[in-house]
Amino acid sequence: MLTLAPKIATVRPEVSRSTPFDRLLARLATKTATVGIMGLGYVGLPLADAFIQAGLPVLGFDVDQAKVKKLERGESYIQHIPDEKVRAWRAGRRFAATADVAELARADAILICVPTPLTETREPDLRYVESTARAIAQILRPGQLVVLESTTYPGTDMAFMVKIDMVRQIGYFYPTNRLLLGPII
Ligand SMILES: NC(=O)c1ccc[n+]([C@@H]2O[C@H](COP(=O)([O-])OP(=O)(O)OC[C@H]3O[C@@H](n4cnc5c(N)ncnc54)[C@H](O)[C@@H]3O)[C@@H](O)[C@H]2O)c1
């Protein structure tokens, strides 16, 4: 019995060193992480497909309730994502769609895929990114990963996220080449 004590003593410090980000990485590696996607359009929905194919469940959020209802019924509105695919996601419990941002609190990673149309001066209109960032700030928790997929200029992530106090204990990265994302997943 006495010989067990040192073994326990060596295990406990390792457990206590595990950070929320370590736990996120472990959940991603074991495919137990839930991927949240905000903006279920031409970028967001195929991205959901890529994650589901990679074995990760997806929780999609969109402000357009009509799109959310269609997806929940197993219907697609994007040509290269057939209805059958959405129905299979739903039947396999790999995908849910919501218009309630509070549900994203349970997502381990949140990918922002909202529109950034060009303004008259040909700069990205960031109003959708800003409202999305403010919504995420309400539900953000330590260890959540937030990724800005929307097309914009470098520095948007820090300009918005820091301004609204989003950067607390999150692991955060900005993808530089979306064409590589599929193979990486
Ligand atoms: N479509 C492409 O081929 C493509 C390629 C590269 C980059 N992008 C970029 O990706 C981003 C998304 O483009 P897209 O083509 O998917 O746009 P989209 O218009 O097809 O889809 C955007 C979705 O976001 C939703 N939305 C709007 N405001 C929202 C909010 N506040 N919260 C949640 N959802 C919201 C809309 O209802 C819509 O379903 C843009 O920045 C675009 O420039 C698009």
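These legends walk through several close-up views of a predicted model of a protein chain with a ligand.

**View 1. The whole chain, as a starting point.** Welcome to the fold: the protein chain contains eight helices and six strands. Starting at the N terminus, the elements follow the order α-α-β-α-β-α-α-β-β-α-β-α-β-α. Of its 185 residues, 28% count as buried. Contacts that link distant parts of the sequence are well represented here: among those between residues at least 6 apart in sequence, 69% join residues at least 24 apart.

**View 2. The surroundings of the ligand.** The shell around the ligand is made of 22 residues, and those that come nearest are Gly 39, Gly 41, Val 43, Ser 150 and Thr 151. Which helix gives the largest share of this shell? The answer is α6 (residues 127-139), with three residues. Sorted by class, the shell holds 10 nonpolar, eight polar and four charged residues.

**View 3. Strand β4 and its two faces.** Strand β4 covers residues 109-112, and it is a good place to see how side chains are arranged. In a regular strand the side chains alternate between the two faces of the sheet. Here Ala 109 and Leu 111 point one way, while Ile 110 and Ile 112 point the other way. Are these four residues buried or exposed? All are buried.

**View 4. From β4 across to β5.** Strand β5 (residues 145-148) runs parallel to β4, and four bridges join the two. To find one of these pairings, look for Ala 109, whose bridge partner in β5 is Leu 145. Between the two strands the chain passes through α6, making a right-handed β-α-β crossover.

**View 5. Gly 36, in strand β1.** Strand β1 also pairs with β4, in the parallel sense and over four bridges. Gly 36 lies in β1, and opposite this glycine, in β4, stands Ile 110. Why does Gly 36 count as buried? The reason is its crowd of 27 C-beta neighbours inside 10 Å, since 20 or more are enough for a residue to be buried. Beyond its neighbours within four places in sequence, Gly 36 is in contact with Leu 59, Phe 61, Leu 104, Ala 107, Ala 109 and Ile 110. Another residue to pick out is Val 146: it is 110 residues from Gly 36 in sequence, yet their C-alpha atoms are 9.3 Å apart in space.

**View 6. The largest nonpolar core.** In soluble globular proteins, nonpolar side chains tend to be buried together. In this model, the largest nonpolar core has 34 residues, and Val 35, Ile 37, Ile 110 and Leu 111 touch the most other members. Two or more residues come from each of β1 (35-38), α3 (44-53), β2 (58-61), α5 (83-91), β3 (95-98), β4, α6 and β5. Ile 37 is a handy residue to zoom in on. Setting aside its neighbours within four places in sequence, Ile 37 is in contact with Gly 44, Leu 47, Ala 48, Val 58, Gly 60, Leu 111 and Cys 113.

**View 7. Asp 125, in the loop before α6.** Asp 125 sits in the loop between β4 and α6. Asp 125 counts as partly exposed because 15 other C-beta atoms lie within 10 Å, a number between the limits of 12 or fewer for exposed and 20 or more for buried. Which residues does Asp 125 contact, leaving aside its neighbours within four places in sequence? They are Thr 116, Pro 117, Leu 118 and Thr 119. Thr 152 is 27 residues away from Asp 125 along the chain, and their C-alpha atoms are separated by 8.6 Å.

**View 8. Two loop residues with positive phi.** Arg 122 is found in the loop between β4 and α6, and its phi is positive, about 60°, although it is not a glycine. Lys 31 belongs to the loop between α2 (20-29) and β1. Lys 31 is likewise a residue other than glycine with a positive phi, near 60°. Are Arg 122 and Lys 31 buried or exposed? Arg 122 is exposed, because just 6 other C-beta atoms lie within 10 Å. Lys 31 counts as exposed too, because it has 11 C-beta neighbours inside 10 Å.

Methods
Residues numbered from 1 in each chain as written. Predicted model: local features only at pLDDT ≥ 70, side-chain atom pairs only at ≥ 80, totals over all residues. Near = placed C-beta within 6 Å. Nonpolar A, V, L, I, M, F, W, Y, C, P; charged D, E, K, R; others polar. Contact = placed C-beta atoms within 7 Å. Pairing = 2+ DSSP bridges. Right-handed = clockwise from strand over helix to strand, strands pointing away. Core = buried A, V, L, I, M, F, W, Y, C linked by C-beta atoms within 7 Å.
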